[in-house]
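Colleague: Could you take me through one part of this model closely, starting from a single side chain and then setting that side chain against the charged pairs elsewhere in the chain?

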Amino acid sequence: RSNQRLPLATQQMQHRQLLAACLAAATAALLLTGAASAQCPGHGWTHRAHSCYKWFSEPNYWFQAEQTCLSHRAQLASIQIEQENRLVGRLSHCRDAWIGLFGTDLDRLADPTSYRWTDGVGGVGSFERHNFSQLDSVHKPLIRSDGEWWLNSLYHERHPFVCKLSANSSSLSGRCPSGWWLHDEQCYVMPQFEANFNEANFYCQRNSSQLASVLTQSELDFVNKLSFGIDSCESAELLDSVWLGLIKMNPCFPDSAGRELCYQWTDFSGKHDNKLPAWETGHPDSADWTVNCVTLSAGRLRSDRCHSRHRFVCKTEASDGTS
């Protein structure tokens, strides 16, 4: 607010100083990150094509978001092709997220060629989804994605963000079957058809995998992102339900605290502890003995009849890449 009372020339000088800091941060990023990583850093990172990506849900300032990425030897995500833009949209749940694009000239913010990426890949290039509808002042040189559009933003805004790390594709190739996603040392795929529970289970087993178990919050977030109907924020909606590898046991078994645990993961990773993923309100349906299988819907579990037809997620452990 105090900045708005300063003369325009003083404001512009301050903003140019901030832009100079952006350029310095971009140069530092190139020096710190060096060669491509041999593998994704670890927990919460997703490998796709030649890069690793991670969505950070805690909102932060653009500069601090970039510093967080640098601490992982990564940068705020650059986007070079349409498929990568869709991926970043899915990772950020099709909501606002900082990316590594910023304007280098306050007098040319309406010109797409005046922008560059913090990871040094150059300007916007042949692919860009810049929407200048919110460019109403020189105070907005920083770019966030909103679904699949890129919007100019203020310095003091706070948003979640996506980091990107170039990965050594030769060391990561072959770790998952073709077309599968690598995330936290596991491979996942969502086939493009519906099946009942038994058919889905058979399909996964025939492809050397199991219907997916969901054991951590990171895994829940990732599987929830896979459950988009199509690979686009603009027309995708969350599918109503997808099968997981969770089935009801008869009878139930008490845990050490005396609680009844009635559902077990089919990949033998253990019994569901009734905590994560959480059940949708009104589920599980304990009154209907024919409801023995489980789907995931918008991050929550629902009990369902096993002969219902849904999309599904298969999961298998990633190979070490040496075979």
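**A buried acid and its surroundings**

Modeller: The side chain of Asp 304 makes a polar contact of 3.1 Å with the side chain of Ser 308, and a further polar contact, of 2.7 Å, joins the side chains of Asp 304 and His 310. Please keep in mind throughout that this is a predicted model. Asp 304 belongs to strand S16, which covers residues 300-304. Although Asp 304 is buried, no salt bridge is found for this residue, and the nearest side chain of opposite charge, that of Arg 305, is 5.5 Å away. That distance lies outside the cut-off, because a salt bridge requires a side-chain nitrogen of Lys or Arg within 4 Å of a carboxyl oxygen of Asp or Glu. His 310 does not enter that comparison, because His is not counted among the charged residues here. Once neighbours within four places in sequence are set aside, Asp 304 is in contact with Trp 243, Val 291, Asn 292, Cys 293, Thr 295 and His 310.

Elsewhere the same rule for salt bridges gives a count of 10, and several of these can be set beside Asp 304. One of them involves Arg 309, which forms a salt bridge with Glu 199, the closest N and O atoms being 2.9 Å apart. Here Arg 309 sits in the loop between S16 and strand S17 (311-312), whereas Glu 199 is in helix H5 (residues 197-206), and the pair links distant parts of the chain, 110 residues apart. Both partners are partly exposed, with a relative accessibility of 43% for Arg 309 and a relative accessible area of 36% for Glu 199.

A salt bridge also forms between Lys 315 and Glu 219, where the closest N and O atoms are 2.7 Å apart. Lys 315 lies in strand S18 (residues 314-317) and Glu 219 in helix H6 (residues 217-226), so this pair ties together parts that are 96 residues apart in sequence. Lys 315 and Glu 219 are both buried.

In another pair, the side chains of Arg 129 and Glu 148 meet in a salt bridge with an N to O distance of 3.9 Å. The two residues come from distant parts of the chain, 19 residues apart, with Arg 129 in the loop between strand S5 (115-117) and strand S6 (130-131), and Glu 148 in the loop between strand S7 (142-146) and strand S8 (149-153). Arg 129 counts as buried at 13% relative accessibility, and Glu 148 is buried with a relative accessible area of 3%. Salt bridges also link Asp 96, Arg 144 and Glu 157 in a network.

As for the setting, the protein has 6 helices and 18 strands, and buried residues make up 48% of its 323 residues. Among contacts with a separation of 6 or more, 66% are between residues 24 or more positions apart. The accessible surface comes to about 15500 Å², of which 50% belongs to carbon and sulfur atoms. One helix, H3 (residues 82-91), is largely enclosed by the rest of the structure, because 7 of its 10 residues are buried; Glu 84 and Arg 90 are among them.

Conventions:
Residues numbered from 1 in each chain as written. Predicted model: local features only at pLDDT ≥ 70, side-chain atom pairs only at ≥ 80, totals over all residues. Heavy atoms only, no water. Helix = DSSP H or I, 4+ residues; strand = E, 2+ residues; numbered from the N terminus. Buried < 20%, exposed > 50% of the residue type's maximum accessible area, 1.4 Å probe, protein only. Contact = heavy atoms within 4.5 Å. Areas by Shrake-Rupley, 256 points an atom, 1.4 Å probe, with all protein chains shown as cover. Polar contact = N/O pair within 3.5 Å; in protein donor to acceptor, adjacent residues only side chain to side chain.
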